[in-house]
Amino acid sequence: MGSITRNLQGVILGAPGVTGKRVTALPKTGLTDFMRSIISKEQETKEPFYVLDLGVVAALIDKWTRTLPMARPFYAVKCNPERALLGSLAALGSNFDCASQAEIELVLSLGVSPDRIVYANPCKQESHIKYAASVGVNLTTFDSKEELDKIQKWHPKCALLIRIKAALEDSGARCPLGSKYGALPEEVTPLLEAAQTARLNVVGVSFHIGSGATYSQAYEGGIASAKSVFEAAAHLGMPRMTILNIGGGFTAGSLFDEAATAIKPALQAYFSNEPDLTIISEPGRFFAESPFTLATNIIGKRVRGELREYWINDGIYGSLNCILNDHATITCTPLACNSNCANPMCKGERSYSSTVFGPTCDALDTVLTGHQLPELQVGDWLVFPNMGAYTAAAGSSFNGFNTAAILTYLAYSNLS
Ligand SMILES: *Cc1c(COP(=O)(O)O)cnc(C)c1O
C-alpha cells in the first residue's frame, strides 16, 4: 500500500482544486506540529480552521479500490463540497453524485465531464432538470410519477434509475432516508409502466440504506430488492436493466470491511446472471469524514466550583451542526498554547468536568457537556478529529459566525 499511496501523491498534487495551493508534507505523526505552526505563524486572529490531509484521501481511495473494486464510487458532494477534496477524488478516478444545479456546476468547474455525474436527487426542481439537460448530465433518479412528468418535459433522453426503498429498512443508520425517498414494492410496477408509456429510458435501480449505517447486512436487503425490480422490468418487456446503484452509507474502518463482506456474496447471489451489469455506489461519509481535522480557539471561560466552562469559536450553528443534524458523537483534544501544561496536548494533567459552548448567543449552542479536560485558558485551542462529513457543508452564518469563511489548510501525510 505504501508505494501505491506514494504514486497517488503525484496525482493529487496536480489535481484541480489542489494544484497551485500550498500543500504541506507531514510525517506520520506530524498533524499536531503542523497545526501548532499554523497557529503561531498564520493565526493572529485565532479564527477556527480545518486541516485537510490529502494523504488520508489517497489511502481511502486505495482502500476502496482494493475492497470493493466492482462498485465504482460516485462521491456524494453534499457530504463535503471542499474543492481540494473534490479535485483529489476526481483526479483519482472517482465520479460524483450531485443533488442540485449548484453541485453540478461545482463538479463541472473542476473539469469533470458530465458523464461522470449521477444527478441522484429523486425530486428535482424543473429549472435544475433543464440545466442538467443543457450540460449533458444524462443519468438521474426518480421515485414518483410526478418526477417522470418533469423529466419527460425537460430531459426526455435522460437515463433513469428507479430509487427504491430497501427491503431491510433497519440498517441502524444514524440518518435513515427511507421515510422520504424510495418507491415502495407495490409502486414499482406502476412506475415502470408509466416510464414505458412516456417512452423514458429506465436503465437500473438505486437504493440507499441510510447514512451512518451500522448493520452492513442492510446492503443485502437492498440488493435483493433491486433484483426483483430488474425482474419486474423484464416481465414488462422493457430493455434489460444494466445499472445497480448501491448508494452510500459507508463508514471507513471495520464497518467498511463488514459492508464489503455483505455486498460481495449478495451480488454473487442475485446478479451473477446479469452479464452487462455496471455497479455504482455513492459514498459520502467514507471519503469525507476522516481527512478533516478542525481546530477551534477558546474565546471565553468561566469557573463554577469544580466545573470548567469554555466558549469556542465554532459551534452547533457552524461545523458542529453535525451533533444535531448528523447525530454525531464528537471528541476533542486540547492543543494548549497558553496553558502551563508540561506537554503540548496536556496529557497527564489533572482534568475537570467541562462544558464547551459554541459562540452564538443561543443556549442550544452547546458542543460538549461533562467532558474531561485539563485546566485550559482563553487563547488555547481545542482540536476535533474526523470532522469532514456533514459538518461545514451544513453550517450557517447565524449570529455573524460564518461557517463558509473557515479556512482549510492542505497537508499530505505519508501514511506508508
Ligand atoms: C446523502 C446521500 C449519499 C451519501 O451518503 P453517505 O451515507 O454519506 O455515504 C449518497 N446518495 C444519496 C442519494 C444521498 O442522498
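Visitor: How many residues surround the ligand, and which are the closest?

Guide: Good place to start! Keep in mind that this is a predicted model. Here 15 residues surround the ligand, and the closest are K78, S211, E282, R285 and Y390.

Visitor: Which classes of residue make up the shell around the ligand?

Guide: The shell is made of five nonpolar, five polar and five charged residues.

Visitor: Which atom of the ligand does a polar side-chain atom of E282 approach?

Guide: For E282, the partner is a nitrogen atom of the ligand, at 2.6 Å. A side-chain N or O atom of D97 also lies 3.1 Å from a nitrogen atom of the ligand. With K78, a polar side-chain atom is 2.7 Å from an oxygen atom of the ligand.

Visitor: And how much of the ligand does the protein bury?

Guide: The ligand taken alone exposes 390 Å², and the protein buries 93% of that. As for pockets, the ligand takes up the space of the largest one.

Visitor: Let's turn to the cysteines. How many disulfides does the count come to?

Guide: First the general idea: a disulfide is a covalent bond that joins the sulfur atoms of two cysteines. To be counted, the two sulfurs must be within 2.5 Å. In this model the count is zero.

Visitor: Why is there no bond for C123?

Guide: Because the closest cysteine sulfur, in C158, is 15 Å from the sulfur of C123, which is too far for a bond. C175 is in no disulfide either, as its nearest cysteine sulfur, that of C79, is 10 Å away.

Visitor: Is C175 buried or exposed?

Guide: C175 counts as buried, because its relative accessibility is 15%, and the cut-off for buried is under 20%.

How values were computed. Residues numbered from 1 in each chain as written. Predicted model: local features only at pLDDT ≥ 70, side-chain atom pairs only at ≥ 80, totals over all residues. Heavy atoms only, no water. Buried < 20%, exposed > 50% of the residue type's maximum accessible area, 1.4 Å probe, protein only. Near = heavy atom within 4 Å. Polar contact = N/O pair within 3.5 Å; in protein donor to acceptor, adjacent residues only side chain to side chain. Areas by Shrake-Rupley, 256 points an atom, 1.4 Å probe, with all protein chains shown as cover. 1 Å grid on protein atoms, 1.4 Å probe; cavity = no way out; pocket = protein on both sides within 12 Å on 5 of 7 lines; lining within 4 Å. Sits in = over half its atoms within 2 Å of the grid points. Nonpolar A, V, L, I, M, F, W, Y, C, P; charged D, E, K, R; others polar.
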